[in-house]
Structure formats: structure tokens, C-alpha cells
Amino acid sequence: MTTGEPLIVLESVNKWFGPLHVLQDVNLSIDGGEVVVVIGPSGSGKSTLCRAINRLEPINSGTIIFDGQPLPAEGRGLAKLRSEVGMVFQSFNLFAHKTILENVTLGPIKVRKEKPAAARDRAMSLLERVGIASQARKYPAQLSGGQQQRAAIARALAMQPKAMLFDEPTSALDPEMVGEVLDVMTSLAREGMTMVVVTHEMGFARHAAKRVVFMADGQLVEQAPPDEFFGSPKSDRAKDFLSKILTH
Ligand SMILES: Nc1ncnc2c1ncn2[C@@H]1O[C@H](COP(=O)(O)OP(=O)(O)OP(=O)(O)O)[C@@H](O)[C@H]1O
Ligand SMILES: [Mg+2]
């Protein structure tokens, strides 16, 4: 992938849920290798934005370009998009009746038609990388939340994605497990993965993000590098939001 060129581009994107205008003329361009953290109040459209990027949520108007092509609506193109844009949610969404190793090899074998032995080798090295190789034969319920979320990250990476979307990946975790997941995400960011991360972890935003995007009421209100955004937010909405979260 080329670094420094737009990989994900949203142009005048609008999305309604019935009467609710949840994405309002959103324009956003994310370069290959860039890490963008999206923050904003509950209900501001952060999850919808993420879901729109891999077409889990269709949009009503505007364009989303991924890697030079408009998002495919269906069929093979859509399956390819889903494998190229990894997604990690708050809930880990692992298959409960498959082992961790099977969870990680399933997509590569079924979708990418990799040979099982090769898929297993790669899965094991990914599990090693996220620090849970010793858990490979266990079932999701036998792992801690932090371990399950790291397995979910390994599973997404197994598809060799060009970008990763994270929607509050640590929000469901006990506090002592947040760090181990953020560590994996931080190293992924350092290795040059293109990432869109919705999170309340301002430490991660400060240290790993190239850009912070602040959303409110379906609009991108403000965006800036983390130092600038946290040091001198410009809009009243952002100031108000930061004063609320940073005093806790
Ligand atoms: N499937 C849906 N049908 C109808 N309304 C929806 C649907 N999904 C989300 N919404 C509404 O769209 C708005 C944006 O929701 P979204 O989940 O994107 O917000 P968010 O910023 O991720 O919030 P949170 O921080 O609470 O996760 C909210 O008002 C929400 O209630
Ligand atoms: Mg959300």
C-alpha cells in the first residue's frame, strides 16, 4: 500500500435513520498509514461512520472511495472490501463454538482460499504477535475479555486488511485489560497500519493518533493533530466535550 496517499475518502456523505440525519455532509480523507481517532458525544454518529466505511451501513448520498474505488454494493466486490477493511467492535464477536485458532483461520481458508496448514501457521504467528499463542486451542469463553479482544484483532489481521476500523474496542473491558489491547493497537499503528479508531481512551489518541476527528450531531465539527486538538480546541462543542471527559 502507498503511504501518504488517500486510502479512504468520504465526500459529502449523508445518512438518515428515518427522520434522523446521522451523517451530515461528512467529508473526510484518510491517508494510507494514517491513524485517525474519532471522538464525540454518544449518538453523534461515530459508529455509523465506521460502519459506513465497510458498508455495514449503506449511505443515502455522497461517495465513499476505498483504495481508489467507490464502495461496492454487493457480491464479490463487497466480500473483498470486507476482507480488506478489518473491523473490531466493542463486543468481541468471536465464534463461540470454534477455538481461537479456528476463529483466526476461518476467513483465510473460506474467503481467501488459503491452504489450511499455511493459514494455521500465519494464525499462530498473529496470535504470537498479540500475545495469546498459548490460548490457541481454547474456546472464546475460556479467555479473558482482553485476550478475546486480542484474538478478534488477530482474526481481522489474518485477512491481511489494508485498513482497520476499531469501534470502542476497549469499552467493554475491565480496566486492567484495557492496556494490553491498546498496546497491540499502538504497535499496529507504529507498523504503519491505516486505522480509524473510535475510542474514549484519550491517552491512545494523544500518543498514537496522527489526527483527532471530533464529531457532534452527525457532523465533523473539528479535526486536528492531537496536541493541537487537546491543547487548544476551537469549537465550543469540543471544549465542552473535553471539559466533561477530562475532569473524570
Ligand atoms: N439502526 C439504527 N436505526 C435507527 N437509528 C439508529 C440506528 N443506529 C444508530 N441510530 C441512531 O443514530 C445516531 C448515531 O448513532 P451511532 O451509533 O453512530 O452513535 P455513536 O456516536 O457511535 O454513539 P455511542 O458513543 O453511544 O456509541 C443515534 O442517535 C442512534 O440512536
Ligand atoms: Mg458507537
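Here are some friendly notes on this predicted model, covering one helix, one residue and the empty spaces.

1. **Ground rules.** Local features in this predicted model need pLDDT of at least 70, side-chain atom pairs count only at pLDDT 80 or more, and totals for chains, interfaces and linings use all residues. Residues are numbered from 1 along each chain as its sequence is written, chains are lettered from A and ligands numbered from 1 in the order in which they are written, and side-chain values use heavy atoms, with hydrogens and water left out.

2. **The length of helix 6.** Helices (H or I, at least four residues) and strands (E, at least two) are DSSP runs, numbered from the N terminus. Helix 6 covers residues 175-190, and its 16 residues should span 22 Å at 1.5 Å a residue (1.5 Å times one less than the number of residues). The C-alpha atoms at its ends are 23 Å apart, which agrees. Just after helix 6, Gly192 has a positive phi of about 100°.

3. **The buried side of the story.** Which residues of helix 6 are buried (under 20% relative accessible area, 1.4 Å probe, protein chains only)? They are Met177, Val178, Val181, Leu182, Val184, Met185, Thr186, Leu188 and Ala189. The cover over these residues includes strand 3 (35-39), helix 4 (116-129), helix 5 (145-157), strand 7 (163-167), strand 8 (194-198) and helix 7 (202-208).

4. **A look at Ala123.** This residue sits in helix 4. Ala123 counts as buried because its relative accessibility is 2%. Leaving out residues up to four places away in sequence, Ala123 touches Leu101, Val104 and Thr105 (contact means heavy atoms within 4.5 Å).

5. **The largest pocket.** On a 1 Å grid over the protein atoms alone, a pocket is an open set of points with protein on both sides within 12 Å along at least five of seven lines, while a cavity is a set where a 1.4 Å probe fits but cannot get out; lining residues have an atom within 4 Å of a point. The largest pocket holds about 500 Å³ of space (the volume filled by probe spheres set on the points, which are joined across faces, edges and corners). Among its 19 lining residues, those closest to the centre are Arg82, Met87, Arg155, Ala156 and Met159.

6. **The largest cavity.** About 30 Å³ of space lies in the largest cavity. Its lining consists of Met87, Val88, Phe89, Phe92, Asn93, Gln149, Ala152 and Arg155. Helix 5 gives the largest share of that lining, three residues.

Conventions:
Buried < 20%, exposed > 50% of the residue type's maximum accessible area, 1.4 Å probe, protein only.
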